[in-house]
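Here are a few short exercises to help you find your way around. Have a look at what is shown next, then try each task before reading its solution.

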Amino acid sequence: MDTPSNKHKHLEFVQAAVNRMAGNLFLLKGWSITLIAALFALAAKDSNQFYILIAYFPLFIFWSLDGYFLSQERKFRALYDHVRKLEESQIDFSMNTQPFASEHRNTWLGAIGSRTLVIYYAGLAVVMLVLMFLVR
């Protein structure tokens, strides 16, 4: 039976980190919808526009958190690509993503401005704006 190489094990470690970040992104999107929907339900029930305005606060908080986890995921993907190209003798099991942090797409601001997050959260903001006028 073949034992996995150091490179293979290192890639598994990095992939596990990527999977955790992707899971966090998924959970944040679910929580953002749930919390915002709950605030809209309160606004409709009590006819209070204040709840709708409060709903924008978690939208921006979740957008920021999503950007953070996406930037982390991108750094780990860059690390994965780096490890993939290393020779077996160069494998040191480092999980340091700092060398990949300076690339714009891997920064927090770069991730917040990513096409997927902008479409999701800006779209959600537009839906909230439309609903705000319908709840009146």
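**Exercise 1: an aromatic cluster**

Phe 60 has a relative accessible area of 46%, so it is partly exposed (buried means under 20%, exposed over 50%, partly exposed in between, with a 1.4 Å probe and protein chains only). Before going on, note that this is a predicted model, where local features need pLDDT of at least 70, side-chain atom pairs count only at pLDDT 80 or more, and totals for chains, interfaces and linings use all residues. Residues are numbered from 1 along each chain as its sequence is written, and side-chain values use heavy atoms, leaving out hydrogens and water.

Task: work out how the rings of Phe 60 and Trp 63 are arranged.

Solution:
- Step 1. Both residues lie in helix H2, three residues apart, about one turn of the helix (helices are DSSP runs of H or I, at least four residues, and strands runs of E, at least two, numbered from the N terminus).
- Step 2. Rings of Phe, Tyr and Trp (its six-membered ring) pair if their centres lie within 6.5 Å; planes under 30 degrees apart count as stacked, over 60 as edge-to-face and the rest as tilted.
- Step 3. Here the centres are 6.3 Å apart and the planes at 10 degrees, so the pair is stacked.

**Exercise 2: the backbone at Phe 93**

Task: say where Phe 93 sits.

Solution:
- Step 1. Look in the loop between helix H2 (49–85) and helix H3 (108–112).
- Step 2. Phe 93 has a positive phi of about 60 degrees, though it isn't a glycine.
- Step 3. Its relative accessibility is 33%, so Phe 93 counts as partly exposed.
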